Amino acid sequence: MATHGMGLVASDAPLLTHQTSAPGPWGGPAGWLTNGSTSWIGERHGGRRKEEGEPLAPIRVSLRSLYTRLVRNARPIPDPVLSCDDYLYPSALDAELIVGSSATTKVRKEESKEKRRKEKQGENQTNIDTRRTTPPSIPQMTPSETCHPAFDEPPSSKVSYRAAVGTLVSPNVSYGLPYTEACAQHVKKTFTAQRVYIICSGTLSRETDNLQRLVAALEASGIKVVGVKKGMRSHTPWSQIIEITNEARAGKADCLVTLGGGSLTDGAKIAVLALANDLTEPSQLARYSVEATDPILDVKPPTIPLICIPTSLSGGEYFALAGGTDDIVTKHKQAFLHGGMGVSLIILDAELCLGTPRYHWLSTGVRSVDHCVEALCSLEATPASDEAAEAGLRLLIPWLLQTQADEFNVEARHQCQMGVRFAMRNVRAGIPMGGSHAIGHQLGPMGVAHGVTSCIMCPEVMKWNIAHGHGIPEIQKKQDKIRDILWSENAIAQEFTKAGLTQQDADLGDLLDAIIRALGLPRTLKEVGIGQDQIDTLSKRTLDDAWASTNPIPLTTAAQVKSILETVVG
């Protein structure tokens, strides 16, 4: 268990108060937040649990200081911390807490009490109830399992759209157990759920027995599987999301589980939102997208947990944002992000992923590499974002190369999974991506998988930025840093040598090109069926993407984009 400052564990929820034995979030036992008999001793006691009968000196801390710690160092709440049944908002910042031997709290100022009372009664309409949005830190089921919060901080307000930052779910991540055992145990013991709806990859359901094994494990634990959806079409059509929603509602599902990656994850994130808001028709989703011109103002947060068991390296399970396509009217893909959205638990199983085709595994891995590269190149990067992106590169690229050499290398698959979390940290931290992502978003609806778009575009965007970055020395400096990182890894450097590259002459685009070719992945538009006649349309559409303008050299004209695309026509 990690502690911050005076030993108080940070949470996405600003404050904790009130002793209770009522059920905890997600309908789980109050024991998630307290067992009613144990207290946590802070830094002054070495950050340990107090022994039975041991006195605990009261700790006085201002709520302003506490709130700052909770927001800046946010992480889900471990068991046990303080007895509580409520999450408060920063309207009580001037009050003080006294944390005593009974682990109860006392709010001292009457003004703070009055503000809290109003918030409980819903008089302050600007606040969003987060009682069900932040799953607590999940205990490991057995000594073989590692289970911890995926991140130590909440997502940035830059990427939260209309949702309050503290209301977005930050996932926990589990690995070390077979996915069947981990899922069954957490559904039953962590979420106390009894009726599960499963969304499974079409390929997995057709070509493996992984779905049957999951269903058997759940049923052996006394959990009823109330429905199964096999497959999700590309770009997550609204009609399928509502189909899942209606089936899950009819089965009275109290937990959703995905087995697979990509569109499944997005679909499930939107489905739990649709369930909470009683949506029954695809057209109703329009007013819940971030692009809605007449949005629903009273959006109810999801009330059932979502467990994701990914089999690719796309990483969408690590962030609450989801995309879905209006396949009825506009045929346009739209984003969804509201309070309470997000994955509660991510279960990683490297052996399960041995069944993921090598091409798909490697290309989605390059997508995560692209996250790291464009984060490091961003002119809005921070020391913290650089550290995460570098860690992601040092994990992803060497182990992707190992997977290419031996697709049944379990350790290689596992280490790739570990790298994805670092890649996604910067996306949720609000570090803007650049031209590779902006162009890739337009190639996706044309039938090109997102991972493959990164294979084609990332090296060329790096080269274009260098060629047009005269007068901006920071662009060269940032790319040189990535070059140094890549050359310092022996496994990667060996590939550069094989390709005839030298550290003095090869630019970052050359290095990325060599890596992608070593992985056996596409490098031209021709290889994925995109012709010269589509370049003009693609160039114009790219300008509508938010990350076109955040490229180190902002992409503001179709001619700029076209000059990049023409280098990869093939």
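This note goes through a predicted model in numbered points, covering a sheet, a helix packed on it, a buried histidine and two loop residues.

1. The sheet is open and has seven strands, which follow the order β5-β6-β13-β10-β9-β7-β8 with mixed pairing. At the edges stand β5 (146-149) and β8 (224-230), and each of these has a single partner strand, so one side of each is left without a neighbour in the sheet. From one strand to the next, the twist averages 20 degrees.

2. At one of these edges, the pairing can be followed residue by residue. Strand β5 and strand β6 (residues 172-175) run antiparallel and are joined by four bridges; for Cys 147, the bridge partner in β6 is Ser 174. As background for reading such pairs, strands of a sheet pair through backbone hydrogen bonds, and they do so either parallel or antiparallel.

3. Helix α5 (residues 210-220) packs on the sheet, where it touches β7 (195-200), β8, β9 (255-259) and β10 (306-309). The direction of helix α5 makes about 170 degrees with that of β7.

4. His 371 belongs to helix α8, which covers residues 358-377. Is this histidine buried or exposed? With a relative accessible area of 7%, His 371 lies under the 20% limit and is therefore buried. Leaving aside neighbours within four places in sequence, the residues in contact with His 371 are Ser 314, Ala 423, Met 424, Val 427, Met 433 and His 437. With the last of these, His 437, there is also a polar contact of 2.8 Å between the two side chains.

5. Two loop residues deserve a look at their backbone angles, and a general rule helps in reading them: most residues other than glycine have a negative phi. Thr 236, which is found in the loop between β8 and α6 (238-250), is not a glycine and yet has a positive phi, near 55 degrees. Asp 278, placed in the loop between α7 (263-276) and β10, likewise is not a glycine and has a positive phi of about 55 degrees.

6. Which of the words buried and exposed applies to Thr 236, and which to Asp 278? Thr 236 has 0% relative accessibility, and because buried means under 20%, this residue counts as buried. Asp 278 has 54% relative accessibility, and because exposed means over 50%, this residue counts as exposed.

Methods:
Residues numbered from 1 in each chain as written. Predicted model: local features only at pLDDT ≥ 70, side-chain atom pairs only at ≥ 80, totals over all residues. Heavy atoms only, no water. Helix = DSSP H or I, 4+ residues; strand = E, 2+ residues; numbered from the N terminus. Buried < 20%, exposed > 50% of the residue type's maximum accessible area, 1.4 Å probe, protein only. Polar contact = N/O pair within 3.5 Å; in protein donor to acceptor, adjacent residues only side chain to side chain. Contact = heavy atoms within 4.5 Å. Pairing = 2+ DSSP bridges. Axes fitted to C-alpha atoms, helices over the stretch in contact; angles between N-to-C directions.
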